[in-house]
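Hi everyone, thanks for making time. I'd like to walk you through one structure today, going from the sheet to the core and then to a few side-chain pairs. Here it is on the screen.

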Amino acid sequence: MYVNRWCYGSSLVEFYNDKVITYSNTSHNLKVRAQPSTIVQTKGFFSIGSTKDEVLTIQGTPTTMYMNRWYYGSSLVEFYNDKVITYSNTSHNLKIRIK
């Protein structure tokens with residue numbers, strides 16, 4: 001697998017087959033925006049089992065997207081089969097609730 005990596009200061013974008021596969025907006029200089037694939041109704045928080053679209057609707061674009069891990073600052077949301085399986089709210093910025 002050949003990955004093409006472009007760096008912008010401390011930020012980076014990685015491509016595979018001319019498509020973005022991961023990015024890290026560490027320098028806050030990338031003009032990146034992730035949007036849900038469908039419109040979802042939310043209660044203003046997400047929890048274990050929420051979909052990627054729900055998290056995007058509630059949290060917005062992640063600082064870093066790496067495979068099935070999305071980072072919001074130092075906080076992490078991890079997915080399996082497009083659903084939240086774990087999180088770490090290190091930056092205290094996740095709108096998460098335990099069901």
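Before I point at anything, one definition: I call two strands paired if DSSP finds at least two bridges between them. Please also keep in mind that this is a predicted model.

With that in hand, look at the start of the chain. β1 and β2 run antiparallel and are joined by five bridges. Within that pairing, Y8 sits opposite S11 of β2. The hairpin that β1 and β2 make has two residues between the strands, and G9 takes a positive phi near 65° there.

Now move one strand along. β2 pairs with β3, residues 19–24, again in the antiparallel sense and over five bridges. Here Y16 has K19 of β3 as its bridge partner. This hairpin of β2 and β3 has two residues between the strands, and N17 is the one with a positive phi, near 55°.

Let's zoom out to the whole sheet. It is an open sheet of seven strands, in the order β1-β2-β3-β4-β5-β6-β7, with antiparallel pairing. Which strands stand at the edges? They are β1, residues 4–8, and β7, residues 83–88; each has a single partner strand, so one side of each has no neighbour in the sheet. From one strand to the next, the twist averages 25°. As a quick reminder for the room, strands of a sheet pair through backbone hydrogen bonds, in either a parallel or an antiparallel way.

Further along the sheet, β4, residues 64–66, and β5, residues 69–72, run antiparallel and are joined by three bridges. M65 has W70 of β5 as its bridge partner. Hold on to W70, please; that residue comes back in a moment.

What lies across this part of the sheet? Helix α1, residues 52–59, lies across β5, β6 and β7, and runs at about 10° to β5.

That brings me to the core. In soluble globular proteins, nonpolar side chains tend to be buried together. In our model, the largest nonpolar core has 17 residues, and the members that touch the most others are F46, V55, W70, Y72 and V77. So there is W70 again. Two or more residues come from each of β2, α1, β5 and β6. The largest share is that of α1, which gives three residues.

If you want one residue to click on, try F46. Not counting residues up to four places away in sequence, F46 touches V55, I58, Q59, V77, V84, L94, K95, I96 and R97.

Another good one to click on is Y23, in strand β3. Buried or exposed? Y23 is buried, with a relative accessible area of 6%. Leaving aside neighbours within four places in sequence, the contacts of Y23 include L12, V13, L30, V32 and M65. The C-alpha atoms of Y23 and C7 are 9.7 Å apart, with their positions 16 residues apart along the chain.

On to charges. How many salt bridges does the model have? The count comes to three. Let me take them in turn.

R5 pairs with E14, and their closest N and O atoms are 2.3 Å apart. E14 is buried, at a relative accessible area of 10%.

D82 pairs with K52, where the closest N and O atoms are 3.3 Å apart. D82 lies in the loop between β6 and β7 while K52 belongs to helix α1, so this pair ties together parts that are 30 residues apart in sequence. D82 is partly exposed at 44% relative accessible area. K52 counts as buried at 19%, because the cut-off for buried is under 20%.

The third is R69 with E78, at 3.7 Å between the closest N and O atoms. R69 is partly exposed, with 36% relative accessibility.

Last topic: rings. The structure holds two aromatic pairs. In the one I picked, the ring centres of W6 and F15 are 4.7 Å apart and the planes meet at 55°, so the pair counts as tilted. W6 is partly exposed at 41% relative accessibility, whereas F15 is buried at 18%.

That's my tour. Happy to take questions!

Methods: Residues are numbered from 1 along each chain as its sequence is written. This is a predicted model: local features need pLDDT of at least 70, side-chain atom pairs count only at pLDDT 80 or more; totals for chains, interfaces and linings use all residues. Side-chain values use heavy atoms; hydrogens and water are left out. Helices (H or I, at least four residues) and strands (E, at least two) are DSSP runs, numbered from the N terminus. Axes are lines fitted to C-alpha atoms, for helices over the stretch in contact, and angles run from 0 to 180 degrees between N-to-C directions. Contact means heavy atoms within 4.5 Å. A nonpolar core is a set of buried Ala, Val, Leu, Ile, Met, Phe, Trp, Tyr and Cys residues joined through side-chain atoms within 4.5 Å. Buried means under 20% relative accessible area, exposed over 50%, partly exposed in between (1.4 Å probe, protein chains only). A salt bridge is a side-chain nitrogen of Lys or Arg within 4 Å of a carboxyl oxygen of Asp or Glu. Rings of Phe, Tyr and Trp (its six-membered ring) pair if their centres lie within 6.5 Å; planes under 30 degrees apart count as stacked, over 60 as edge-to-face and the rest as tilted.
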